[in-house]
Amino acid sequence: MPVSPRPSHVGALLVAATMVAGCSTASEPAPPASSPSAAPSSGATSVPQTGMSTVEVTVPPGMAQAPFDQPRQVRVPTGWQLSVWARTPRPRLALWAPDGTLLVSVPSAGTVLRFTPGDAGTTQSVLLDGLDQPHGLAIAGSTLYVAQSDEINAYDYANGAATNPRVVAGGLPDAKSPDLRGAYSHALKSVAVGPDGAVYFSIGSTGNISAADRTATPPRATIMRVPPGGGPAAPFATGVRNGTGLAVAPDGSLWTANNGRDNVADPSTGQVDPAYVGENPPEQIARLTPGRELGWPYCNPAGGPADLPFVRDVQTNPDGTELDCATLPAVEQSMGAHSAPLGLSFVDGALPAPYAQGALIGVHGSWNRQPPREPEVSFYPWRDGRLENQQTLLGGFQGDNGSRWGRPVAAVTGPDGAVYITDDAADAIYRLTPPR
């Protein structure tokens with residue numbers, strides 16, 4: 001792929017896009033023998049849809065390396081098309097900068113890349129390198145925010161360059177933290193900027209049910225907030241196991257797409273039953289407000305797909321004394337257990353109906369469920385400040401035998417009215433175009 005010089009000019013825009021790790025492989029304690037509270041199975045699945053078609057992925061010359069060395073088909077809304085827009089190893093979160101370029105984080109390489117559309121194709125250049133697992137990206141005006149594993153940084157973004165780095169929040173836990181001694185399953189951070197200029201970022205849990213995270217300094221399994229103008233970061237929402245998806249909605253509210261825990265015991269038996277684990281707990285899509293508690297690891301959402309109540313986790317909260325789950329507000333939306341939601345972004349008029357307003361979520365797919373939860377890009381319609389039930393915007397990455405050729409991470413709308421999707425399994429960035 002050719003590399004071009006960095007173009008000039010920058011405008012004003014507010015964009016927040018964040019997205020990564022799914023479920024942990026941390027071990028579970030033995031299930032207790034105490035009497036459980038009732039919990040329904042998850043009903044969180046994609047809504048059956050009409051108006052979907054199977055189309056072949058368009059692959060430009062020079063981009064036909066695996067998995068595109070053979071024809072690939074996907075499911076899209078009828079009349080839409082999908083093409084490979086760029087190839088690059090392991091792209092993760094993404095946002096469109098005010099100068100019309102796509103910025104993409106690559107934690108595995110320590111870089112933030114810049115993709116510039118042009119008549120001769122897309123050109124790629126390195127915006128930032130030498131970083132510690134950069135993941136979340138956000139832009140407010142001419143300030144670019146990058147979430148590294150150990151700190152949140154701000155840069156001046158102009159003339160295609162990110163300069164004048166400064167630390168917004170430092171000393172964040174990652175695998176290099178002495179007290180964790182390399183044991184950190186969710187080190188990648190996400191970042192978003194509120195309408196008032198406050199900076200929000202995620203700190204994932206150390207593992208699956210590492211309850212000590214809640215009292216660590218700084219606390220893990222949280223969404224943190226830095227006040228407008230700067231200052232110490234403080235917890236904004238707690239019990240958020242791995243809030244990889246983090247974005248601001250059209251009404252200015254903050255939302256997370258949160259990865260729930262693994263190998264949860266069936267409350268009716270106290271046993272870890274694969275059939276129960278396969279459907280529980282649903283992944284949370286939640287509006288965050290000051291002091292919001294999402295329960296981990298003591299309470300799990302149940303049922304769904306919308307307005308999910310919390311039930312007691314019989315392994316970590318056997319007698320209910322750790323946290324009273326009945327007092328927690330219901331979770332606004334969900335998707336199936338172990339879906340592994342990553343990137344979250346909002347659409348506000350950039351796409352045609354019925355996708356004009358809503359949330360886009362990259363669904364990475366399960367690692368520990370049989371059959372595996374399918375990767376896809378999900379769409380949640382936005383109505384009167386609420387997210388309606390999950391729909392599939394882009395699917396078809398998984399075969400009937402559970403094998404996969406791609407795993408979407410993030411989806412963001414571009415200035416041309418298309419959706420751009422990163423895929424860290426296929427090493428690709430796609431362009432999903434509606435009918436014109």
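Visitor: How many bridges join strand 4 to strand 31?

Guide: In this predicted model, strand 31 covers residues 428–433 and runs antiparallel to strand 4. One facing pair of residues is Arg 87 with Ala 428, the latter lying in strand 31. The number of bridges that join the two strands is six.

Visitor: Is strand 4 mostly covered or mostly open, and how many of its residues are buried?

Guide: Strand 4 spans residues 81–87, seven residues in total. A residue counts as buried when its relative accessible area is under 20%. Strand 4 is mostly covered, and its buried residues number six.

Visitor: Which strands stand at the edges of the open sheet of four strands?

Guide: The order of this sheet is 17-18-19-23, with antiparallel pairing. Strand 17 (245–248) and strand 23 (333–335) each have a single partner strand, so one side of each is left without a neighbour in the sheet. The average twist from one strand to the next is 20 degrees. The edge strands are 17 and 23.

Visitor: Which residue of strand 23 is the bridge partner of Gln 284?

Guide: Strand 19, residues 283–288, pairs with strand 23 in the antiparallel sense, over three bridges. Within strand 23, the partner of Gln 284 is Ser 334.

Visitor: What is the mean pLDDT of the chain, and where is the pLDDT below 50?

Guide: The mean pLDDT of the chain is 90, and 89% of the residues reach 70 or more. One stretch has a pLDDT below 50, although the model gives it 180 contacts beyond near neighbours in sequence. That stretch is residues 1–48.

Key. Residues are numbered from 1 along each chain as its sequence is written. This is a predicted model: local features need pLDDT of at least 70, side-chain atom pairs count only at pLDDT 80 or more; totals for chains, interfaces and linings use all residues. Side-chain values use heavy atoms; hydrogens and water are left out. Buried means under 20% relative accessible area, exposed over 50%, partly exposed in between (1.4 Å probe, protein chains only). Two strands pair if DSSP finds at least two bridges between them. pLDDT is the predictor's confidence in each residue, from 0 to 100. Contact means heavy atoms within 4.5 Å. Axes are lines fitted to C-alpha atoms, for helices over the stretch in contact, and angles run from 0 to 180 degrees between N-to-C directions.
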